Amino acid sequence: MTALAQVHDDLFERMRARPGRHWWLAFGACGGATLLLFALIAYTIATGIGVWGTNIPAAWAFAIINFVFWIGIGHAGTFISAILYLLEQGRWRNPISRLTETMTVFAVIQAALFPVLHLGRPWFAYWLFPYPDVMGVWPQPRSALPWDAAAVSTYFTVSVLFWYVGMIPDLAALRDHAASPRARRLYALFAIGWRGDSRSWRHWKVTYLMLASIATPLVISVHSVVSSDFAIGVTPGWHSTLQPPYFVGGAIFSGFAMVLVLAIPVRFLYRLDHVITDHILDNCAKLLLATAWVVDYGYIVEHAGALWRGEPAERSLMLGHHPASVAFWTMIACNVVVPQVFWLRRARRSTLVLFVGSLLVLLGMWLERYVIIVQGLLRDQLPAAWGSYAPTLVDIGILAGTFGFFGLLFLVFLRFVPFVPVSELKEELA
Amino acid sequence: MTTSPLLPRHEVTRRDALKLLAAGIAALEAGCLSRAGDEDIVPYVADPPEHRPGVIVRYTSLLVHGGFGYGIVVDTRDGRPIKIDGNPAHPATAGGSTPWMQARILDLYDPQRGRGARMAGSPATWSAIARRLRELPPGPVWLVLPPHSSPTLAHLLERLARQRELHVVTDAPLDHRARYRGAAAVYGEPLEQQLDLARADVLVALDADVLAQPAWARAAAARRAPGTRMSRIWACEPMQTPTGTLADEHLLVHAGEVAAIAAALAAELGLAVPHAPHAWARRLADDLRRHRGRAAIVVGDRQPPVVHALARWIDHALGNVGGPVTLTRPALVDPLAGETLADLAAAAPRAVAVIVVDANPVYTAPRALDLARALAAAPFSLHAGTYADQTALACFAHVPLAHELETWTDARARDGTLAVGQPLVRPRFDVASAIDVVAALLDDRGDARALVRERFVDDAAWTTALRTGAVAGSQAPAVAAAPHWTPEAFAAPTGGGIEIALAESPQIGDGRFAGNAWLQELPHPITKQTWGNAALMSPATALALGVSDEDLVELTTPAGTLVVPALIAPVAGGTITVELGHGQIVPEVPIADRIGGDAYALRGPDGSCILRGSAKKVRGTRRLARTQTTLGEHGREVAPAAPVAHWLANPGLVAHLRGDQPSLLPPQNRDGVQWAMMIDTSICTGCSACMVACQAENNIPTVGPVEVARGRHMNWLRIDRYERDDATVVNEPMPCQMCEYAPCEYVCPVMATQHSPDGLNEQVYNRCIGTRFCSNNCPYKVRRFNWFGFEDTSSRALQYNPDVTVRSRGVMEKCTYCVQRIRRAEQRALVEKRAIAPGEVVTACQAACPTGAIQFGQLAERDTAFARMRSDGRRFEVLHELGTRPRTQYLAKITNPKESK
Amino acid sequence: MTPEAGLAAEYADEHALVAAIRALRARGIGPMEAYSPIPSHAIDKALGEPRSPLAIAAGIGAIAGAGGAYALQWLLVAYLYPVDTGGRPPHMPLPFTIITIEMGFLFAALATFVAFLVASRLVTLWHPMFEVPGFESATRDGWWLAVGTVDTTAEDVLRATEPLHVHRFGGWS
């Protein structure tokens, strides 16, 4: 048997393992959470945004936090699959690139729910796109929200294209070696007739490179656009030129945490230790630590800036409100303290530490968006307008539901789509 | 060529078909016309003169409160009254309003008002009840009435008293008789104190919210411009009131201690009265001596008669009478006469009938009297009241009370000016007024109009009275009286425990307005609490009790107990204030039912509102629905204030808070008509009439206590209250600031908010998709969002202003500078081919404000109140440093404290 | 030119396939196409096909998307319907660039993808090569050569390169 055949058979055999009890249990839980998500979405649209905890002044809360959270997670996937590709880090990037691209696509799906759902009148969400309407009015491009619409739809489209194009050779392989005629027909549909002819491969390589080159600046630009939702506003804590690099760093930080949270169980359950190696996890942990420092630098600049500038609104928020806030200190614990453990090689090589640490980082990054968005609004310029905020069960249910929906999509993906880029790993042999 | 079974049996040619078709069409038309010809109808070409669709037709009328008349002007649309404003020609309002005046329009359409009379538990008609009244057997009849000044009612009662044995109980939950008793002690007869505050250099308020009366507020405001003529306001009270926020010298004391201050003051001025020296009183006496003959002392109704007597004596001692103070006979009819509720309770079983009109004594009277049992014991009891409240349920029969705008009334203002209130709309359901009830007892078939009209000499006087809203020259003449009084020793209130002071709610009064959603949701002028009351206490008292905001405390007096949440407020140490009117158990009035705590339960049989009792913390908390919880400026110069001496020495004090900031943006267009607003914080008392006026004008919904607690109240205009570091309190109304560089406009993704060429920040409701970015970017947080579908579909929607869109769920809304009024004026000016005159457009808040603190107009105006404010050196912008260039600007508050301590 | 009919031969590994291509090309036999499980630079060189010009599609898409987006924004907000929004001038180049850049990316990606499908003749659910027995190894470890002629000379040359097996495909099977 040739080396190529060995790799091919080994990987496909592991990926095609029949779903065990774990898969079904997880599927049930995620399925239930997904149903909850859609039920709560329907309830919100039918009844009104009042079923959430938002109020005046905290008019943005969970929905926008979730939006930024999920988009941010998506960015690490693109970072790994596109940027590391361009930087020719294929040795350790390749085995996880399919997983991370998938993570991106599904994370963006979660994120994309919210710009529509959080609207008071979501049935008019299409007014954010320029089309000739009877009112003779168009979207207003000085606002960051049409930028969001453009950036997120671009990011989603490019991510899907990049993900799909990369997958075509593997889908063709699944078509050719499918177990049942029905599976073969399904894979044939998505493999769109790929034969592996040299013309296709030539074009494919360039397309993949082009898409990676387009996805790379998207990593920076999309989350910078998302951060501009806040940066262009006058709210304290929002109105800062720090936001784009701070947010992009935070996005990749939270994304790497999610990569680890996904890769470690997949590696364990599908016995892929020799593919998703300790070295790869180690490198992810290193990047996690590096991006943690970008975020930590952001915290330092924000608070030191409030101290030095002496602007009353910032002082009230950064130096008055934050130190008294449980959310703030939890965030610091998760985003500043926890990542420091990854200076230790032993920590980077321990899947338990990586997994738990990553979960805490995800918590910390969610809380960071809460601290920025909600607390900034609660301590705005005019003290008489200061208020308070408390989430409702619907808020929490929707957040939990997006995790369930994400998990559901990911479980289905694991079942039916090759989650290790077999052709790329074969290429490494040559 | 076809043969149709419906047609004659021959072939139908094409020509035939066309002929038939034409004939058919002609037959159709002929059929229509012939229908008209068969039954003649006449087109409606001769409209009644008042019916002018789309035009606002205004009428005068009257509202009655505390027995006094308040003249109003009412806007009607298509025959439907929708907006109340004060009548400038009436001395009680001088054009201004109060929150309850603005809110009364809602009561007219309130679905909670009875839909019909009832008797013996089943529906009945008023005519059936009236027949019972006419056919009452001879015997004593007890009438419980609120204090009144109605000549018609007085005349009817006189007639009734001649016909049968009549006992009249004057029931005022918040007894006003103390001031008449005090006057009677000094003058030998109850005389009323009339005030001309424009002539007062010094105004002294002893536990009195003087400026709650709109006419007094307007007069006092005229003396607040900084300069040599600036007046000085002294106030001492157990809890800060709107008057207290304007006071230059403010002292928080126990309600029971006010008597000691009055005594000390009188002693300083020469009266031989037992007293203890009081530092504040000494300083006040010094100031009063410097302003002999140009001061006024006002005492609140809660204080015992001796304090009123002292104040009367002091007015005389200082020679104020004849200047700012005048004495007249009271406008109220027989304020001190009448029996008591205790007498009623004893006599009820032997009475032929007990009739309660416009009062709720089962709820408001001391519980020890057990009036419910007394009413049940009477052979026939009738309650004529706005709601089916506790008294109604205890009576045999109930008829809904007519709203003033549904019936003919007459009443006198406090100064005696008579006015007639005309109805503006037919009652939708069976109602009866006090005049109707007494007329029925008299078996007088005359209707209310005839009875009121009887009091007038001729048609011309009658018509003039109705058109202008007041009978000219009918104010009470001044009475020359000299004080003869030897005060006895009185004991300062002692006793263990803590003082509990019961106060009238500035929102729902003595509880009569508890069913009015606008008033329930109106933030308290001082605590900004809505929907309920609390145990209001100072920080020190809270510390001593071990409570913080929202912790439950149990208040106990000899009469009863009350559990309410605590709330820290500007209250004197060692006293707790609780407001009355809440905690009613009225299942048929959902807005009022079980909201807040029933403080009437604490009152003893003497009806005093100054109690001694105990307070202790109990387990549990209750959420308070407050609209503002942070009171300081926190380092931002948003509410500047200065003493007048400092201001005169530094006229550039707030110059750095106005003017155009440097900007990268092109200069905003200021050509043509440009609208702006000025608000003078020096004369804003925080009374909040403007807030209710805005609600009435702009169809603003109420959301209920749960939503207000969540931070979702909908008032477009709010009044921020700042407690500055120098202890000055500033009330700062916050409408939309109409920023020229509006931060809300550029963040809307769908262009639902934009700037008009005349300077308005416009919100386009039908384009808004509800992203709420505009609210996030508004530093003033003046934008409100429709979190649910808040629009009212009950009969209250009849009050909606047809010129203003009713907003649906998911849409942002905010103050528009009453754009509907601006456009209306523009259209009128366009039709009449002229420019809009200065002062032609008056916003709802501006019209309601009793002191004239809010002025609106065009930037190009000269010689108007608005233009004078624009050029005033006190002008500043809130959050000026943000560079928003707001068109709504303010005048800094200047106070006039006494220099020497 | 991808042959639609002719001879198909499978080889053991990349080297064998490349050698075969060279041999056939040296004899002028064509047209030829190679089928492999992974992309191979050696095959491309041996076949002598030109480089893929898809980058041009990306460039055209980028310019069209970016230019179109900026033009649309300017047209709508600065020219046709200028509305006073917070005192900001109607034409604001800096905010406009955000959507411009994103649309540049989007249309570059879409153009590349569409050009890819067109240039690779993809979305073909059936191709004559799929009928060749054993062709499924092309996506596993098989290296295949398709020659677009059934000339006996060509077939001889082909068999001389020592393929694992040879089949006819297309019209002649």
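**Reading a two-chain interface and the folds behind it**

Guide: Two salt bridges are counted between chain A and chain B, and the model in which they occur is a predicted one.

Visitor: Which side chains meet in a salt bridge with a distance of 2.6 Å, N to O?

Guide: A salt bridge is counted when a side-chain nitrogen of Lys or Arg lies within 4 Å of a carboxyl oxygen of Asp or Glu. Here the side chains of A:Asp380 and B:Lys781 form such a pair, with 2.6 Å from N to O.

Visitor: How many residue pairs are in polar contact across the interface of chain A and chain B?

Guide: The rule finds 31 residue pairs in polar contact there, with both residues of each pair at pLDDT 80 or more. On the chain A side, helix 2 (21-47), helix 5 (144-176) and helix 10 (312-321) each supply at least two of the residues that touch chain B. Helix 2 of chain A gives the largest share of that side, namely four residues. Sorted by class, the side of chain A that touches chain B holds 32 nonpolar, 15 polar and five charged residues.

Visitor: What area is buried between chain A and chain B, and what part of it do carbon and sulfur atoms give?

Guide: The area buried between the two chains is about 4,300 Å², and carbon and sulfur atoms give 57% of it. Of the area that chain A buries against chain B, 17% is supplied by A:Ile56, A:Arg121 and A:Leu382, which is more than any other three residues supply. Counted by contact, 52 residues of chain A are matched with 53 residues of chain B.

Visitor: Turning to chain B by itself, how many helices and strands are there in chain B?

Guide: Chain B has 26 helices and 38 strands. Its radius of gyration is 30 Å, close to the 29 Å that the globule rule gives for 901 residues, so chain B is as compact as a globular protein of that length. Along the principal axes, the C-alpha trace of chain B spans about 125 × 85 × 60 Å, and buried residues make up 62% of the chain. Among contacts in chain B between residues at least 6 apart in sequence, 72% join residues at least 24 apart.

Visitor: Is helix 8 of chain B largely enclosed or exposed, and why?

Guide: Buried means under 20% relative accessible area. Because nine of the 11 residues of helix 8 (residues 258-268) of chain B are buried, this helix is largely enclosed by the rest of the structure. The buried residues include B:Val258, B:Ile261 and B:Leu265. In chain B they pack against strand 9 (202-206), strand 10 (232-237), strand 11 (249-252), helix 9 (279-290) and helix 10 (305-318). Helix 8 of chain B is followed by B:Gly270, whose phi is positive, near 115°.

Visitor: Is B:His148 buried or exposed?

Guide: B:His148 counts as buried because its relative accessible area is 13%, and it lies in the loop between strand 6 (141-145) and helix 4 (151-163) of chain B. A polar atom of the B:His148 side chain lies 3.2 Å from the backbone nitrogen of B:Ser150. Residues touched by B:His148 include B:Gly67, B:Leu157 and B:Val333.

Visitor: In which helix of chain A is the place of A:Leu11?

Guide: A:Leu11 belongs to helix 1 (residues 3-15) of chain A, and A:Leu11 counts as buried because its relative accessibility is 3%. Among the residues that A:Leu11 touches are A:Leu272, A:Val420 and A:Leu425.

Conventions
Residues are numbered from 1 along each chain as its sequence is written. Chains are lettered from A and ligands numbered from 1 in the order in which they are written. This is a predicted model: local features need pLDDT of at least 70, side-chain atom pairs count only at pLDDT 80 or more; totals for chains, interfaces and linings use all residues. Side-chain values use heavy atoms; hydrogens and water are left out. Contact means heavy atoms within 4.5 Å. Buried area is the accessible area (1.4 Å probe) that two parts lose on being put together, summed over both. A polar contact is a pair of N or O atoms within 3.5 Å; within protein, one must be able to donate a hydrogen and the other to accept it, and residues adjacent in sequence count only if both atoms are side-chain atoms. Ala, Val, Leu, Ile, Met, Phe, Trp, Tyr, Cys and Pro count as nonpolar, Asp, Glu, Lys and Arg as charged, and the others, Gly among them, as polar. Buried means under 20% relative accessible area, exposed over 50%, partly exposed in between (1.4 Å probe, protein chains only). The radius of gyration is taken over C-alpha atoms; the globule rule is 2.2 Å times the number of residues to the power 0.38. Lists of a residue's contacts leave out its neighbours within four places in sequence.
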